[in-house]
Amino acid sequence: MNDHGNLQTHELEIVRHRALLEVSKAIAAHRDLHDLFHDLAQRLPQVVEVNFVALSLHDPERNRMRLHTLQANIPAEIVGGHEEPVEETPAGFVWQTQQPLSVPELEEERRWPEVTARMQEDGIRSLCIVPLTTALRRLGTMGFASVQRQAYGDIDVEFLQQVGKQVAVAVDNVLHHQDLTHDRDRLRLLLEVSESIASHRDLDELLRDLAQRLPHIVPFDYINLVLHDPARDVMRLCFLVTSEPSTLSPGLESPVSESPGGLVWQTQEPLIVNDIAQEPRFPALMSMLRDNGVQSFCVVPLTTAQRRLGAMGFGSLQPRIYQPAELDFMHQVAKQVAVAVDNALNAEAARAAQAQLAHQRDRQRMLLEVNNAVVSHLDLSEVFTAVSECLRKVIRHDDSSLVLYDCETQRCRVHVLHVTENRSFTEERDVDALVPSPSGIAITTRLPAVFREQDLEALSSTSPIAKYLLAEGVKSLCCVPLLSRNQAFGALNVGRQRDDAFTQEDVELLNQVAQQIAIAVENGLAYREIADLKEKLSKEKLYLEEEIKTEYDFEDIVGHSAALRRVLKQVEIVAPTDSTVLILGETGTGKELLARAIHDRSSRRERTLVKMNCAAIPTGLLESELFGHERGAFTGAIAQKVGRFELADGGTLFLDEVGDIPLELQSKLLRVLQEQEFERLGGTRTIKVNIRLLAATNRNLVRMVAEKEFRNDLYYRLNVFPLTIPALRDRREDIPSLVRYFAQKFARRMKKTIDSISTEGMSALAQYDWPGNVRELENVIERATILSQGGELQVALEKITPKLGMETHPESTLEAAERAHIVRALQAANWIIGGPHGAAAKLGMKRTTLQSRMLKLSIARPS
């Protein structure tokens, strides 16, 4: 019997050794624990009563026992994944005591009631649990269960312990391999995160990429970045990626104390909320999260070595317990993301700084261009156009204008430039129109003023300019005063057809531009004044040179006749006054000499006597000669011209042949004489002058007034003090003195000596009527001096004697006599007007004067 029992024992040991060998083969054949335990559930029943094989692992971080796998060899409804605290499960008891547990009658076991109740529902009647422990760590337990009662004796328990030792090594290897795989996956994902950060410049794109990658390690439904704004001390939601539509959007701001991200930013510690319903802090934000279905979340700090940026959050739409390993992984991710965010913020700050520098550079460049425009243009219109072009590069605007106020004329000049329509114009207005206007406000307050559309509407009831701006579509207007020595003399105005177009920085820049424009305006005004004075001085110089070269002087009025003395006496009387003098007399009587005598004896003798022969200038140019013109006033007006009135300011203006002034120009002349002011041709600026007028004519102005050829009001204005110079035939006693005077003058010029004149020659000269008066006499004496070879003046009597014998035909009027005399001279010259032998030379007058007389007297060569 003993031998038989020993034989059975020996055979059983052989079977169990074979079973352990099969267990080893199964371990070697399977890498997956579920497959391994399924295989063991099929092999072990050959040695021991086993219907269920289970693996329970201990979670050291949470101190719980989790049913990892449960396999059966009989039909059963297997449910795995159960977790219980260590104290509430038989597996936990075995893991703690490291002793096997055998329960022969499960229904009699009173410990761990919830677990044993589930086992009984599966039909289990007895069980055995052995520890799974290696030399390095305690892993958990391996459970064996049977539907039979008392299925496990001591020998069975010992055998199952041997199985547990082998399986423990296999489980440890698998878990270690899983840990390595998990660590490898985390490291690989961290590397992918690093690569993603390197490949994405845009943080929003980076976050979307991370939202696709990270859930493989840490499941979540949303991820966000909350950054701290140091300027306002708030937490701002900058980026948000969700799996479902959300009412939350980037830009949401919360106080630091009312934000989970703010708490993490302050404490630099992660925050875990496993159930939002149980979180009493941050009520406002928790309410918004609940409205969007969020039930759990975790927040980790977003910090670099240099600064604390904010926090990175991720959450789930399900209640979830975040594991420390997951939190650690996300913390590692946040460190890398923090570097990316910091780089992005630095790059953004660098771009902003670069943009600011570029903006400042553009503005400085614009100011330099404005300065160049100021120094390179002296014309105010050109300065304004150039400045506006520079300004458009930095400050967008649709319209601009420059208002200049002239305190002397009480008028303002407005330069307007419509940028959008590419047109400009200049106009003058009364200063009263400026007072209620936007630019008037800037000028009177001497401060920049910005107007919105409603401000312009409020002004439009009293300001036509504001109404005009609204009609042009202007909605924003900036007016900056032009200041010089703390006095405002204009304004720079810039308009835009949209609301709130001008920032404080724009206003400051416009103020700087206005300062340079003020300098330009001062320079322009000074330049214009200097140019006017220069031209005036140049003209005066020409007149003075002409006066120096002239052959006549006041002292050269030769004669002692009673008629001449009467005229000179009147000159002495009228010269010291500023009254207008009308000098009447035939051609060649010396009207210009008398005008100079009046000027030289007046209080204006230190200033220029400006002379103008109205008959010698074409009618179309007469107005320009008198009043001047602006550049571009008419075709050929390539430069500004100062007129005779402006040139004579402070002095005397002598208008010879005043009767030849066209009727249409006489009204303007009358206004100038009455108001002492005028405008240049093509100009708008009123010029004030202070002149004395001397006028001369050989025409009968009374008859011209009667025939409507001369304005009566102008005649009365000129005929204040008339002086009539007697003809040479009316003062024959002066002829000998004039002959000796002219003979000596021409003799000196020709380096000859003339001592005497024959009695016959002097008698012939004294008896001649001299229709050309003194000028004709002068020409005769000059010709005689040329012909004289000795010391006696040889007068060509044949040129004079025939005329002495000619029958005199008295004329009814002075004009008729003049006409007959000119006709005789033309006939004698064979109707040749110019040249040394022409009628003009015979009459002692200029060719143009003769042509004018012929036109006026209707003299034409017979056909």
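Which residues does R692 touch, not counting residues up to four places away in sequence? In this predicted model, the list is V574, A575, T577, D578, S579, V581, I598, S602, R604, G651, T652 and L653. Below is a friendly tour of that arginine, followed by a helix and an aromatic cluster worth opening in your viewer.

**The protein overall**
- The protein has 863 residues, and 47% of them are buried.
- Its secondary structure consists of 28 helices and 29 strands.
- Among contacts with a separation of 6 or more, 63% join residues 24 or more positions apart.
- About 43,900 Å² of surface is exposed, with carbon and sulfur atoms supplying 51% of that area.

**R692 and its surroundings**
- R692 belongs to strand 26, which covers residues 692-697.
- This arginine is buried, yet it has no salt bridge.
- D578 carries the nearest side chain of opposite charge, 4.7 Å away, whereas a salt bridge has to fall within 4 Å.
- D578 is nonetheless one of the residues that R692 touches.
- The side chain of R692 also reaches a backbone atom: the oxygen of A575, at 2.7 Å.
- A575 appears among the contacts of R692 as well, as do V574 and T577.

**Helix 11 and its cover**
- Helix 11 spans residues 438-445, and its buried residues are P438, S439, G440, A442 and I443.
- Strands that help cover these buried residues include strand 13 (399-406), strand 16 (449-452), strand 17 (476-484) and strand 18 (487-496).
- Helices contribute to the cover too, including helix 12 (453-459) and helix 13 (464-471).
- Just after helix 11 comes R446, which takes a positive phi of about 60 degrees.

**Aromatic pairs**
- The whole structure contains 8 aromatic pairs.
- One of them is the stacked pair of F627 and F645, with 5.4 Å from centre to centre and 15 degrees between the planes.
- F627 sits in helix 17 (residues 619-627) and F645 in helix 18 (residues 644-647), so their pairing ties together parts that are 18 residues apart in sequence.
- What is the relative accessible area of F627? The value is 0%, so F627 counts as buried.
- F645 is likewise buried, with a relative accessible area of 0%.
- F678 joins F627 and F645 in one aromatic cluster.

How values were computed
Residues are numbered from 1 along each chain as its sequence is written. This is a predicted model: local features need pLDDT of at least 70, side-chain atom pairs count only at pLDDT 80 or more; totals for chains, interfaces and linings use all residues. Side-chain values use heavy atoms; hydrogens and water are left out. Helices (H or I, at least four residues) and strands (E, at least two) are DSSP runs, numbered from the N terminus. Buried means under 20% relative accessible area, exposed over 50%, partly exposed in between (1.4 Å probe, protein chains only). Lys and Arg count as positive and Asp and Glu as negative; His and the chain ends are not counted. A polar contact is a pair of N or O atoms within 3.5 Å; within protein, one must be able to donate a hydrogen and the other to accept it, and residues adjacent in sequence count only if both atoms are side-chain atoms. Contact means heavy atoms within 4.5 Å. Accessible areas come from the Shrake-Rupley method with a 1.4 Å probe; for residues, only the protein chains shown count as cover. Rings of Phe, Tyr and Trp (its six-membered ring) pair if their centres lie within 6.5 Å; planes under 30 degrees apart count as stacked, over 60 as edge-to-face and the rest as tilted.
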